Amino acid sequence: MTAAAQEYAAQSRNPGWLRRSEAWLDDRGKPAWIVAMVLGFIFFWPIGLFLLAYMIWSNRMFSSACRKSRHASRYAARYSSGMSAMRSSGNAAFDAYKEDTLRRLEDEQKSFEDFLQRLREARDKAEFDQFMDDRASKARAAREDSAQDA
C-alpha cells in the first residue's frame, strides 16, 4: 500500500473535528446550520461570516434539507456507476438478451465510426484535389501571362 493510500485510509477512519461537526450539522438539517451561523455572529462575527459563506458556497443555504441531499448523493454514487450495466440481474434470459443487445450496439457504433472516418477521408481528398486543381490553374495562368508579356 502506498503512503498516499495509507494516509487516505487513516483519514477516512478518523475524520477531523471539522468533518465530524459538519456531518453532525448535516444530520440535523438546515436549521442546525442556521443556528450555528447565528451563534457564530453573536460570539465572534468572523465565525458567523465564515459559516454564512460556507453555507452559500457548499449550496447548503438554497438546497433542500442537508440530510436529504446527502442521502441523495450517496444513492447517486452507489447506483450511477458506469459499470452498473454490466452487473448481472439474476435472470439468465435477460442477461443473455442484454449481452446480445450490447454487442449489437457496439458493432453498430463501430460501423458508424468507420463510416464517419471514410466520409472524412473522402471530404479531405476532395478538398485536396480542389486545392491542387486551383494551384495548377493559377500556375498555368501565370505561365500564359509571362508568355504573352515576352
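## Helices, core and surface patch

At 1.5 Å a residue, helix H2, with its 12 residues (17-28), should span 16 Å, and the 17 Å between its end C-alpha atoms agrees with this expectation. The structure described here is a predicted model. The points below cover helix H2, the nonpolar core and the nonpolar surface patch.

**Helix H2**
- The buried residues of H2 are Glu-22, Leu-25 and Asp-26.
- Viewed down the axis of H2, its buried residues fall within an arc of 100°, so they line one face of the helix.
- A general rule helps here: an α-helix has 3.6 residues a turn, so residues three or four places apart point the same way.
- Gly-29 follows H2, and its phi is positive, near 90°.

**Nonpolar core**
- The largest nonpolar core consists of seven residues: Leu-25, Ala-32, Trp-33, Met-37, Leu-51, Tyr-54 and Met-55.
- Two elements, H3 and helix H4 (45-57), give two or more residues to this core.
- Leu-25, one of the core residues, is also among the buried residues of H2.

**Nonpolar surface patch**
- Ile-34, Val-35, Val-38, Leu-39, Ile-42, Phe-43, Phe-44 and Ile-47 make a nonpolar surface patch of about 790 Å².
- Helix H3 (residues 30-43) gives the most to this patch, with six residues.
- Val-38, a member of the patch, lies in helix H3.
- Val-38 has a relative accessibility of 41%, and because partly exposed residues lie between the limits of 20% and 50%, Val-38 counts as partly exposed.

Notes: Residues are numbered from 1 along each chain as its sequence is written. This is a predicted model: local features need pLDDT of at least 70, side-chain atom pairs count only at pLDDT 80 or more; totals for chains, interfaces and linings use all residues. Side-chain values use heavy atoms; hydrogens and water are left out. Helices (H or I, at least four residues) and strands (E, at least two) are DSSP runs, numbered from the N terminus. The expected span of a helix is 1.5 Å times one less than its number of residues. Buried means under 20% relative accessible area, exposed over 50%, partly exposed in between (1.4 Å probe, protein chains only). The arc is that of the directions from the helix axis to the C-beta atoms. Patches are made of residues with over 30% relative accessible area and no salt bridge: like charges are joined within 9 Å, nonpolar side chains (Val, Leu, Ile, Met, Phe, Trp, Tyr) within 5 Å. Accessible areas come from the Shrake-Rupley method with a 1.4 Å probe; for residues, only the protein chains shown count as cover. A salt bridge is a side-chain nitrogen of Lys or Arg within 4 Å of a carboxyl oxygen of Asp or Glu. A nonpolar core is a set of buried Ala, Val, Leu, Ile, Met, Phe, Trp, Tyr and Cys residues joined through side-chain atoms within 4.5 Å.
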